Amino acid sequence: MSESNGAVWLAHVYVTLKTVVNDPQGLAIADGLHTMGYAGVEDVRAGKYLQVRLRAASAEEAQRFAEEMSDRLLANTVIENYRCVIEAAS
Amino acid sequence: MNFGVIVFPGSNGDHDALHAIGEVLGQPARAIWHRETSLDGIECVIVPGGFAYGDYLRAGAIARFSPIMGAVERFAREGGPVLGICNGFQVLTEAQLLPGSLLRNAELEFRSQWVHVRTERTDTPFTSGLAVGDVLRLPIAHGEGSYFAAPEELARIEANGQVIFRYCDPTGAVSSATNFNGSLNDIAGVCNEQRNVVGLMPHPERGAEAILGGADGRRILESALSVAGVRV
């Protein structure tokens, strides 16, 4: 579990639907963009972006915590992929 | 038979389930708040419909980590009968007690209507009183009921006979016209490998007596009693 001390990090967590999963929201958004005249839009996939501020001893540990949280809660790995990017929080 | 109905903040089918079990079946039913940690004395668990924790993040995702869910997972592992209805189905897939996941309906509409489902298997606690091919008329009310499993997992649950109900027409015929939410293989309900945990998107508890427009749902709830040897 997460540390209560250490430096503060900001985890940017990007959750996206796997390519084999149909995305009706993305299709509806693409339809809207086409209606607006953006004829060049080929595909839209809707996902989630989360920011998690957390304490950890190092960037590596923060990365590990963020990935563990993503595996357990932030993403459903049956249908979604995730990517975590760690930076030192200001 | 002692039924327990799990109540999360945001559940809205809990009282429908308590009514159907208590008043329609005449069996003892107790509401179990999500903060509780024990299922002592409970012989059948119902995870009801609703919008647990507002369905924030994903339907069922946060409910799955409620204190009571540890007890539900132990109860399920020990072979206890568990029925997940609608949002309860979503909670059980998030808890990995059932395979697959429920996605946004294909047409993005929240669908509230009566549908027909065809019984595919009778070797679960909630279908034991049915016959294969029986068509049930049940109400649905969901925006995220499109069943999904990765191709290899879908093949596995089909091969294992874990698909319990499929959407169909009143004669039992399955076609794209009766698949209103985009579920893969027209799946309306599945069970786990051990067959004691069942989830379905339709609401048997809201269609369990004629005054509500249909009583077919009673047959699903009553099946659990026949497994336990209770005389109705």
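Just after helix α3 of chain B, Q96(B) adopts a positive phi of about 60 degrees in this predicted model. The helix that precedes this residue, α3(B), spans residues 87-94 and is mostly covered, with 8 of its 8 residues buried. These buried positions are N87(B), G88(B), F89(B), Q90(B), V91(B), L92(B), T93(B) and E94(B). The elements that cover them include four strands of chain B, namely β3, β4 (82-85), β5 (101-103) and β11 (197-200).

A positive phi also occurs after helix α1 of chain B: the helix is followed by G26(B), whose phi is near 70 degrees. Within α1(B), which runs through residues 14-24, the buried residues are D14(B), D16(B), A17(B), A20(B) and I21(B). Their cover includes the strands β1 (3-7), β2 (29-33) and β3 (44-47), together with helix α5 (217-228), of chain B. Strand β3(B) thus appears in the surroundings of both helices, being listed among the elements that cover the buried residues of α1(B) and among those that cover the buried residues of α3(B).

From the interior of chain B, the description turns to its contacts with chain A. Here 10 residues of chain A are in contact with 13 residues of chain B. On the chain A side, helix α1 (residues 24-35) of chain A provides the largest share, with 3 residues. By class, this side of the interface consists of 7 nonpolar and 3 polar residues, and charged residues are absent from it.

Conventions. Residues are numbered from 1 along each chain as its sequence is written. Chains are lettered from A and ligands numbered from 1 in the order in which they are written. This is a predicted model: local features need pLDDT of at least 70, side-chain atom pairs count only at pLDDT 80 or more; totals for chains, interfaces and linings use all residues. Two residues are in contact if their C-beta atoms, placed from the backbone, lie within 7 Å. Helices (H or I, at least four residues) and strands (E, at least two) are DSSP runs, numbered from the N terminus. Ala, Val, Leu, Ile, Met, Phe, Trp, Tyr, Cys and Pro count as nonpolar, Asp, Glu, Lys and Arg as charged, and the others, Gly among them, as polar. A residue is buried if 20 or more other C-beta atoms lie within 10 Å of its own, exposed if 12 or fewer, and partly exposed in between; C-beta atoms are placed from the backbone.
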